[in-house]
Amino acid sequence: MSGLFLTFEGIDGAGKSTHIDALAGAFRAAGRTVTLTREPGGTPLAEKLRALALNEPMDALTEALVMFAARRDHLLQVIEPAIARGNVVLCDRFTDATFAYQGGGRGFDREVLQQLERWVQSVPAIRLPGLRQPDLTVWFDLAPSVAAQRLAGARVPDKFESQPQEFFARVAEGYAQRLRADPRRFLRVDADQPREGVWQAVERGVRARGLL
């Protein structure tokens, strides 16, 4: 079978992590080998960069460079080899998150982010035409006020989770802009409903695309 690359996106508190595990189980039940991973992170080097990005103060350009450096290592060491083996790669966040958090939340220049995207995801090194993009991106769309209620007291927040609701409103708009730019790649899921309803929307949407 051909490899697949699916990403899960959404603001903190949207509930994506719960459903990425459920989708992994559904693919395994269908006989597929699944690689579960995350961004920033996914390799020893990228996990070190994740710790810096989530906890150390830095300006928006430095933050974006750290995210894309982690992504490059992740692509070359984990994502591309798994796809080549025919695995289903399920990744908790990918480049859309950078456009949402650094581009939307931080207000950083999207043209610079697009150039970094072209450099990092272009493929002489991975022998594909164009850029590596997900086959499907599941976006858990949730109002920032609801996400904040879910996160309250859940854990010690990192520097992104501790941002005010206005920041997350800009992040949500950043995701919406990415969807408008590439609607066929996205599956938008209303995350403001009971967990079972969210899961049904995810499973139904993935099956409708012929991926499961």
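These are my notebook entries on what I looked up in this structure, which is a predicted model.

**Entry 1: the annotated binding site**

I started from the UniProt record. An unreviewed entry there places the feature "binding site" at G10, I11, D12, G13, A14, G15, K16 and S17. I picked A14, K16 and S17 from that list for a closer look.

A14 sits in the loop between β1 (4–9) and α1. Is A14 buried or exposed? I get 3% relative accessibility for A14, so I put it down as buried, given that the cut-off is under 20%. Setting aside residues up to four places away in sequence, I found A14 touching F140, L142, R150 and A191.

K16 belongs to helix α1, which covers residues 16–29. I noted a relative accessible area of 8% for K16, so this lysine is buried too, by the under 20% cut-off. Which residues does K16 contact once neighbours within four places in sequence are left aside? My list reads F8, E9, G10, D92, R93 and F140. I see F140 in the contact list of A14 and in that of K16.

S17 is also in helix α1. At a relative accessible area of 39%, S17 is partly exposed. I also checked S17 against R38: they are 21 residues apart along the chain, and their C-alpha atoms are separated by 9.9 Å.

**Entry 2: R38, P40 and what lies around them**

R38 came up again when I went through the salt bridges. Its side chain meets that of E47 in a salt bridge, 2.7 Å from N to O. I have R38 as partly exposed at 35% relative accessibility, and E47 as partly exposed at 27%.

P40 is in the loop between β2 (34–38) and α2 (44–55). With a relative accessible area of 14%, P40 falls under the 20% cut-off and therefore counts as buried. What does P40 touch beyond its neighbours within four places in sequence? I wrote down A46, E47, R50 and M67. So E47 is a contact of P40 as well as the salt-bridge partner of R38. I also took the C-alpha separation of P40 and N55, which are 15 residues apart along the chain, and got 12 Å.

**Entry 3: more salt bridges**

I asked how many salt bridges there are in total. The count comes to 14. As background for myself, side chains of opposite charge can pair when their charged atoms come close.

R71 and E39 are one such pair, with a salt bridge of 2.6 Å from N to O. This pair links distant parts of the chain: R71 is in helix α3, E39 is in the loop between β2 and α2, and their positions lie 32 residues apart in the count along the chain. I find both R71 and E39 buried.

E63 and R106 are another pair, their closest N and O atoms being 3.0 Å apart. Why do I say that this pair ties together separate parts of the chain? Because E63 lies in helix α3 and R106 in the loop between α4 (95–105) and α5 (110–121), parts that are 43 residues apart in sequence. For E63 I have 0% relative accessibility, so it is buried. R106 is partly exposed at 29%.

I also noted a network of salt bridges that links D96, E117, R178, D182 and R185.

**Entry 4: nonpolar cores and a surface patch**

Next I went to the nonpolar residues. In soluble globular proteins, nonpolar side chains tend to be buried together.

The largest nonpolar core here has 46 residues. Which of its members touch the most other members? They are L6, F27, L90, Y101, F140 and V202. Another core lies apart from it, made of 16 residues, among them F68, A82, I83 and V89.

I followed L6 further. Not counting residues up to four places away in sequence, L6 touches L23, F27, V88, V89, L90, C91, L136, V206 and L211. F140, which I met earlier beside A14 and K16, is in that list of core residues with the most partners.

Last, I looked for nonpolar side chains on the surface. L61, L65 and V112 form a nonpolar patch there, with about 210 Å² of accessible area together. L61 is in helix α3, residues 60–84. I have L61 as partly exposed at 35% relative accessibility.

Key: Residues are numbered from 1 along each chain as its sequence is written. This is a predicted model: local features need pLDDT of at least 70, side-chain atom pairs count only at pLDDT 80 or more; totals for chains, interfaces and linings use all residues. Side-chain values use heavy atoms; hydrogens and water are left out. Helices (H or I, at least four residues) and strands (E, at least two) are DSSP runs, numbered from the N terminus. Buried means under 20% relative accessible area, exposed over 50%, partly exposed in between (1.4 Å probe, protein chains only). Contact means heavy atoms within 4.5 Å. Patches are made of residues with over 30% relative accessible area and no salt bridge: like charges are joined within 9 Å, nonpolar side chains (Val, Leu, Ile, Met, Phe, Trp, Tyr) within 5 Å. Accessible areas come from the Shrake-Rupley method with a 1.4 Å probe; for residues, only the protein chains shown count as cover. A salt bridge is a side-chain nitrogen of Lys or Arg within 4 Å of a carboxyl oxygen of Asp or Glu. A nonpolar core is a set of buried Ala, Val, Leu, Ile, Met, Phe, Trp, Tyr and Cys residues joined through side-chain atoms within 4.5 Å. UniProt positions are given in the numbering used here, feature names are shortened, and annotations may be inferred rather than shown by experiment.
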